[in-house]
Amino acid sequence: MKKLTISLLVSGREETTEKCLDSLRGLRSAVDSELILVDTGCDDKMREVLARYTDQIIPFAWRDDFAAARNVGIEHAQGEWFLFLDDDEWFEDVTPLIDFFQSEESEEYEQAVYKVRNYQDLQGTNYTEDWVSRIIRLHKDTHFVGKVHEYLTPFIGKCKQLDAYVHHYGYAYKDEETAQKHLERNVSLLKSALQEEPNNLKWHIQLVQEYCSAKRMDEAKRAAEEALRLLQNEDKPFMNQSRGTFYNAVVLAVMEEGNYEEAAAKCARFIMDKRNSSVCQCSLCRHAAESAVKYHNYELVERFCSRYMGFYEKAKEEYQAQSEQEQIISDSALLVNDALEQPVYYKMLLYWAESLVVQQKEAELPQEKKEELSVYVDKLIKDNGDFLHLPETVWKLHDLVGLEDKLLGLDFSQWSAAISYLTSHSSPAEAEKIQEKLHAMKRREDMRYDYFDMSYAQMLISLNLVDEDYSGICYRFRTFGDSTLKFYRQVYLDRVFEEEPDMLPAECRAAVCMQDFFARKEQDWEGKLQDLKRCAKEDVSLGEQVKSFAKLLGEEQERCAKAAEEASDQLRQMAEIVKQKVEVMLQGGLYAEALQTVKQLRTMLPDDEELKELEEKILGQL
């Protein structure tokens, strides 16, 4: 008898089959084993490839039944142990499997599990990991069940957790059409299985999972509600564990519709079900709090976050008390297991703190939770070179977590690197939001703030300013000048500015020119133009921006001249009307009133000779 039988279903996936088989070479050479390949649809070329790995290639006429195909491998197996996987999976490292099968430890166990890394994209950047039951000691009644998402049974006895994983790109689709075909195939098989076994919760769970994975939440909700009707009067461990999957699917579907108040209400009702596991309760509290955040009901956020913390502690205690095999099963629970992950825990802690701060009840947050938050924020900052993109809630809780002290405690070089990344990889609108957050947090002066303001101002004037108007471009350059000088006057002595300006950085010298520009009188057009020319000369990188500024300056000069001319014409027309009224006053003997009117008019038209003569005429009659 062989120590191990390895069995695969092979369907002709050229891009992954050889990767899969090659990843098994080390295991096969180290452990007395056999390889059985069940051919479910390979062409002649692929069969030639398979023949290089084994002569046990068994043809199988595909009939929409994965368990039937898998059972062919078991029927021909001569191994003490049985390992199965798919032809679109391959091991990263088989050393843990080799160590297990070569040790006496393997005699103590009846089964073993490893992890499958399910990639969500073809680039391999997003993935989830799940324990899978793929290794079992063979008995005469060992067999597969299930037309799709098949599983081994009976799966009993002590289970070994192996520190190994396979890469799996089966859920990373090249296009939407491929994804839909995969979904329709699985759904069709699951519905067929449900027709045969309508009370089998495994098929209900898998059906809900398929719909959720495909983001078809309406159908996931209907399938979950159907399963909940079956569970309505049941109170058994496995059924209660499954209940969480269905409750969460219903809630997620309602959230997907944007009906957050309804989602929170459903969570509140589902939480009342005492049959739920603590993990399920955690997950429901999580969704309830997230929903309440969406419609700013912070009293409700506080309530659900507080309850989450209680359920969380209970769930962790229960998990630690479980056997290794029970832990593996718990880790594999669908839609609810991530409620205990650390990122979720800290997200809920942030929500809780935010809800208390909004209600001005921050003193009610337990001291140990404040300390946890502080440590968490420390870690966020330490582990993230781009620390300016902290979660929104962290910024809102800046006083509670002492965010300013943490950020100002970083080296200036870290700020410089983070700001450089921000200004080169973010939009001006995003940078402006971060500036607003920094200023809202600011409780003391520090050159790091000034460096950010200067960099943001430089970012603004580095944009294409062709479509900018005069007031807008003035604002940008004034902000650039003021913020740049504010920063560099902390770096360089006044003597350098006055006696050795050439030692200053180019942007600082350009800022001095802009300071001179805005210090000039409004109508000093020639002086302002010279300042702009100096600015472009001092910092050649601003050439195009200064050119746009100079063009708008010329247009502004023309506009002002035209406006002045129009105003002068209107004033002269008004003067003619007033002169006529003065003559009427004189005819009526109102000499003093006429003189006062002429004097006021002369302040506006001092060069008008007629007004001068009229004033002298009136004085002669007084």
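A disulfide here is a pair of cysteine sulfur atoms within 2.5 Å. I wrote that down before opening anything else.

**Ground rules**

I am looking at a predicted model, where local features need pLDDT of at least 70, side-chain atom pairs count only at pLDDT 80 or more, and totals for chains, interfaces and linings use all residues. Residues are numbered from 1 along each chain as its sequence is written, and side-chain values use heavy atoms, with hydrogens and water left out.

**Entry 1: cysteines**

How many disulfides turn up in a search of the whole structure? I got zero. As a reminder to myself, a disulfide is a covalent bond between the sulfur atoms of two cysteines.

I then checked why C474 has no bond to C560. The sulfur in C560 is the closest cysteine sulfur to that of C474, but it sits 11 Å away, which is too far for a bond. I also looked up C513, which is in no disulfide either; its nearest cysteine sulfur belongs to C535, at 5.6 Å.

Are C474 and C513 buried or exposed? For this I noted the cut-offs: buried means under 20% relative accessible area, exposed means over 50%, and partly exposed is in between (1.4 Å probe, protein chains only). C474 has 13% relative accessibility, so I put it down as buried. C513 has a relative accessible area of 1%, so C513 goes down as buried too.

**Entry 2: salt bridges**

My cut-off for a salt bridge is a side-chain nitrogen of Lys or Arg within 4 Å of a carboxyl oxygen of Asp or Glu. Searching the whole structure gave me 50 of them.

I spent a while on R286. Its side chain meets that of E290 in a salt bridge, at 3.6 Å from N to O. Both residues lie in helix α11, four residues apart, or about one turn of the helix. (Helices are DSSP runs of H or I with at least four residues, strands are runs of E with at least two, and they are numbered from the N terminus.) R286 is buried at 14% relative accessibility, and E290 is buried at 12%.

Which other partner does R286 have? I found D338, with the closest N and O atoms 3.0 Å apart. This pair links distant parts of the chain: R286 is in helix α11, while D338 is 52 residues away in the loop between α13 (324-331) and α14 (342-358). With a relative accessible area of 25%, D338 is partly exposed.

Next I clicked on R443, which forms a salt bridge with D399, closest N and O atoms 3.1 Å apart. That pair also links distant parts of the chain, 44 residues apart: R443 in the loop between α20 (428-441) and α21 (447-461), D399 in helix α17 (residues 398-401). D399 counts as exposed at 54% relative accessibility.

I also jotted down a network of salt bridges linking K3, E80, E107, E110 and R137.

**Entry 3: backbone oddities**

Where is the cis peptide bond I noted? It joins T153 and P154, and omega is about -5°. P154 is in the loop between β9 (151-153) and β10 (159-168).

K158 sits in the loop between β9 and β10. K158 is partly exposed, with 45% relative accessible area. I picked A292 as a far point: it is 134 residues from K158 along the chain, and their C-alpha atoms are separated by 43 Å.

Then I went after positive phi values. D64 is not a glycine, yet its phi is positive, about 55°. I found D64 in the loop between β3 (57-59) and α4 (66-75), and D64 is partly exposed at 41% relative accessibility. H296 is another non-glycine with a positive phi, near 60°. H296 is in the loop between α11 (278-294) and α12, and at 58% relative accessible area H296 is exposed.

**Entry 4: a last look at α12**

K314 belongs to helix α12 (residues 298-321). I wrote K314 down as partly exposed, since its relative accessibility is 45%.
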